[in-house]
Amino acid sequence: MKRQIFTEDHEAFRRTVRTFLAKEVEPHYARWEQDGVVSREVWRAAGRQGLLGPAVPEEYGGGGEADFRYAAVLAEEFTRAGAPGLAIGLHNDIVGPYLTSLATDEQKRRWLPGFCSGEIITALAMTEPGAGSDLQGIRTAAEDKGDHWLLNGSKTFISNGILADLVVVAARTTPEGGAHGLSLLVVERGMDGFARGRNLDKIGQKAQDTAELFFTDVRVPKENLLGELNGAFVHLMTNLAQERMAIAVAGIAAAEHLLEITTAYVKERTAFGRPLGKLQHVRFEIAELATECAVTRAFLDRCIEDHAKGELDAVHASMAKWWATELQKRAADRCLQLHGGYGYMNEYPVAKAFTDGRIQTIYGGTTEIMKEIIGRSLLS
């Protein structure tokens, strides 16, 4: 089915993204996977191409276009290229809205030009060793010292953790407030007491730097409070729909790409004297996956369109996130099986898609959390 949600401007942007990937990312990606981190130069190259901060106002160096369809194009093309290591989606779609919607004018002048140029790489630090989806379990705390906050604690599984120059940290500023006693503090590279742990060894997304972060008596200036004091819970809930949509968009794009490369493979690969695609079981597998992708794509495109108009709610974002990422997981498993032994070899894209994509049902809220949100909305 022909997609109808993109204009010629979006397709022109898609061509720009594909050119960027072919020139600046794909030739270097194998080395970045060995290094466990992408180069800082590719971030600056992305800035020069206008891929960073498309929703940031033009006065700060951004694209001035708050249309989520541009973010969807980026997510789709980076997924098809098998290049999750350059976490532009995290930077643009997750951290970006906090800076554009919550930052003061002074903060915007200080941070957004570098955000858009690639000179400032960002991260969001919520997860702790003892607290994932449960915000009430956050133990990192900031004590009010008059002209600054004194921040202590640790975070883990932080994407962009090694490269990040600016980290938005969820910290407890009111001990008795539960989830409503949290604030967002911006910690910047070079602050005394801010340290990074090891670059965590993951089963997939090897080029994406994921780290532990430690805060020991970090003096965070009062002017680095982002948004309202003790308002982090509301701020986080407000922006989670977009985070989950970005993950969902990558999920369906990955499933479709897996279907595409596997369809080509079974047409060419022979067994028992004929192509695999001539076997009824294989045809049924491809038919089932193609149907699942088509139905999911129709729902996701509607969600993308709704979100671009500011009409997507948290429940439908949760539906999109869990369904698309679970489909991606099933597709990776079934397509690897159809590749046989070759599917287990790292030089085949299906193998990397299998390991790179496994995190999709976990971060941004697990499938189980998504179902809880949906179920609670229907049964409360």
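Is Lys329 buried, exposed or partly exposed? With a relative accessibility of 29%, Lys329 counts as partly exposed. Keep in mind that what you're looking at is a predicted model. The notes below go through its salt bridges, one threonine in helix α9, and a domain annotation taken from UniProt.

**Salt bridges across the structure**
- Searching the whole structure turns up 33 salt bridges.
- Some residues join up in a network of these bridges: Arg3, Glu11, Arg14, Arg18, Glu76, Glu77, Glu256, Arg297 and Asp301 are all linked in it.
- As background, side chains of opposite charge can pair when their charged atoms come close.

**Helix α9: the Glu326 and Lys329 pair**
- Back to Lys329: its side chain meets that of Glu326 in a salt bridge, with 3.2 Å from N to O.
- Both residues sit in helix α9, which covers residues 314-339, and they're three residues apart, or about one turn of the helix.
- The two partners fall into separate accessibility classes: Glu326 counts as buried because its relative accessibility is 14%, under the 20% cut-off, while Lys329, at 29%, is partly exposed.

**Helix α9: Thr325**
- Thr325 is also found in helix α9.
- Its relative accessible area is just 1%, so Thr325 is classed as buried.
- Which residues is Thr325 in contact with, leaving aside its neighbours within four places in sequence? They are Ile247, Gln360, Thr361 and Thr367.

**Helix α3: the Glu41 and Arg44 pair**
- Glu41 and Arg44 form a salt bridge too, and their closest N and O atoms are 3.2 Å apart.
- Helix α3 runs over residues 40-48, and since Glu41 and Arg44 are three residues apart in it, about one helical turn separates them.
- Glu41 is partly exposed, with 35% relative accessibility, and Arg44 is partly exposed as well, at 25%.

**The Asp67 and Arg69 pair**
- Asp67 and Arg69 bring their side chains together in a salt bridge, at 2.9 Å from N to O.
- On the acidic side of this pair, Asp67 is buried, with a relative accessible area of 11%.

**The annotated middle domain**
- According to UniProt, residues 123-218 carry the feature "domain: Acyl-CoA oxidase/dehydrogenase middle", and the entry is unreviewed.
- How much of the span 123-218 is helix, and how much is strand? In this model the span comes out at 0% helix and 50% strand.
- The C-alpha atoms at the two ends of residues 123-218 lie 17 Å apart.

Key
Residues numbered from 1 in each chain as written. Predicted model: local features only at pLDDT ≥ 70, side-chain atom pairs only at ≥ 80, totals over all residues. Heavy atoms only, no water. UniProt positions renumbered as here; feature names shortened; annotations may be inferred. Helix = DSSP H or I, 4+ residues; strand = E, 2+ residues; numbered from the N terminus. Salt bridge = Lys/Arg side-chain N within 4 Å of Asp/Glu carboxyl O. Buried < 20%, exposed > 50% of the residue type's maximum accessible area, 1.4 Å probe, protein only. Contact = heavy atoms within 4.5 Å.
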